[in-house]
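Work through the following exercises with the sequence and the coordinates at hand. Each task is followed by a solution that proceeds step by step.

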Amino acid sequence: MSDKTMPITGGCLCGAVRYEASERPKKVPYCHCKMCQRWSGSVLASWADFGRDGIRCTKGEITYYRSSDYTERGFCAECGSSLVQRPLDGDWFAVATGSLDDSEAFLPDEHCGIESQVSWLNIDDRLPRKSTQEHMGYTVEEGGE
Amino acid sequence: MSDKAMPITGGCLCGAVRYEASGEPIVTGHCHCADCRRNSGAPVVTFVMFEAGQVRFTKGERKVYASSPGVGRAFCGHCGTPLTWEGEYEDRPIIEFHISTLDDPDAFVPDRHWYHNRRIAWFDVADGLPRYHGVADEPYRHGPATKGPPDTT
């Protein structure tokens, strides 16, 4: 894949929230965990992981929901688009790849949360598969605040 | 399989919005369109479609974004979970639930891919299901168009 011209931009469906990244993503994992499934409205989520300061909101405001003891998830309060996830105490910042203006730009490099993968879903690639525990170092239950 | 007499239930991640649907869904299918991908952040979404009259919201208040003429996308204003696509299908008012918001999403198996012509170029699902341009009457192919993304290593 060709290198992308910086900055990498994205935002929500209605246009109220816009962001940009000043670096390339460090990882691009699919996630099948139950929380990502429910919160994305899809049977698998897809993330581009940046460093903690790698994402800057350039328009509007991201609304956050603390979804677990470990992370909070950010969305647009006008249109409900699922945008970002970041740890409460950590060094990464993930954007949902579907919110990128060029959602095809970054090829996923692994699957995580496979303990919850939907039984009929088969993605035919040779990427590594990991559980939430293997990928994140912890397990989570649904239901935040 | 689930007891067909019991309503089908679901809701958002935080539990503030809950819904139930009675009877059988009209259809369950994937959507690859750009609006669904932008709204969900995911490479594809999967909907379980009901007639609007089959659906009842039992707790909380969903927020609805009018994403295009005649179309609303509902979500939870507290946690941001996308819940529905609401509009018309074959001249009937319908409500489609994002399958992962159902309490038992494994009970419904998709049988088609809508807007497959608008998908992420390197993404597809390894199944033999019919694929459609938009919501056309006839599929243009069966089975995946793409066998996984190119090797990135």
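**Exercise 1. Decide whether B:Y19 and B:F97 are buried or exposed, and describe how their rings are arranged.**

Solution. Begin with accessibility: in this predicted model, B:Y19 is buried, and B:F97 is buried as well. Next, turn to the geometry of the rings. A pair of aromatic rings is described by the distance of the centres and the angle of the planes. For B:Y19 and B:F97, the centres are 3.6 Å apart and the planes meet at 10 degrees; because planes under 30 degrees apart count as stacked, this pair is stacked. Then place the two residues in the chain: B:Y19 belongs to strand 2 (residues 18-21) of chain B and B:F97 to strand 9 of chain B, so the pair ties together parts that lie 78 residues apart in sequence. Finally, widen the view, since ring pairs link B:Y19 and B:F97 with B:F50 and B:F57 into a cluster. Over all chains, the whole structure holds 7 aromatic pairs.

**Exercise 2. Find which charged end sits over the ring of B:F57, and which one sits over the ring of A:Y64.**

Solution. Start with B:F57, a member of the ring cluster just described: the charged end of B:R62 sits over its ring, 4.0 Å from the centre. In chain A, the charged end of A:R86 sits over the ring of A:Y64, with a distance of 3.8 Å to the ring centre.

**Exercise 3. Describe the surroundings of B:T101, beginning with its place in the chain.**

Solution. First, locate the residue: B:T101 is in the loop of chain B between strand 9 (92-98) and strand 10 (113-114). Second, consider accessibility; the relative accessibility of B:T101 is 0%, and because buried means under 20%, the residue counts as buried. Third, look at the polar partners of its side chain. The side chain of B:Y19 makes a polar contact with that of B:T101 at 2.7 Å, and a polar atom of the B:T101 side chain also lies 2.7 Å from the backbone oxygen of B:H98. Fourth, list the contacts, setting aside neighbours within four places in sequence: B:T101 touches B:G10, B:G11, B:Y19, B:T81, B:P82 and B:L83, together with A:R38 from the other chain letter.

**Exercise 4. Examine the phi angles of B:E90 and B:D91, and state where these residues are found.**

Solution. Recall the background first: most residues other than glycine have a negative phi. B:E90, which is not a glycine, nevertheless has a positive phi of about 50 degrees, and B:D91, likewise a residue other than glycine, has a positive phi near 65 degrees. As for location, B:E90 is found in the loop between strand 8 (82-89) and strand 9 of chain B, and B:D91 has its place in the loop between strand 8 and strand 9 of chain B. Last, check accessibility: B:E90 is exposed, with a relative accessible area of 56%, and B:D91 is exposed, with 71%.

**Exercise 5. Summarise the architecture of chain B: how many helices and strands does it have, and how compact is it?**

Solution. Count the elements first: chain B has 1 helix and 12 strands, and from the N terminus they run β-β-β-α-β-β-β-β-β-β-β-β-β. The radius of gyration of chain B is 16 Å, close to the 15 Å given by the globule rule for 153 residues, so the chain is as compact as a globular protein of that length. Of the 153 residues in chain B, 56% are buried.

Definitions and conventions: Residues numbered from 1 in each chain as written. Chains lettered and ligands numbered in written order. Predicted model: local features only at pLDDT ≥ 70, side-chain atom pairs only at ≥ 80, totals over all residues. Heavy atoms only, no water. Helix = DSSP H or I, 4+ residues; strand = E, 2+ residues; numbered from the N terminus. Buried < 20%, exposed > 50% of the residue type's maximum accessible area, 1.4 Å probe, protein only. Polar contact = N/O pair within 3.5 Å; in protein donor to acceptor, adjacent residues only side chain to side chain. Contact = heavy atoms within 4.5 Å. Phe/Tyr/Trp six-rings, centres within 6.5 Å; stacked < 30°, edge-to-face > 60°. Lys NZ or Arg CZ within 6 Å of the ring centre and 35° of its normal. Rg over C-alpha atoms; globule rule 2.2 N^0.38 Å.
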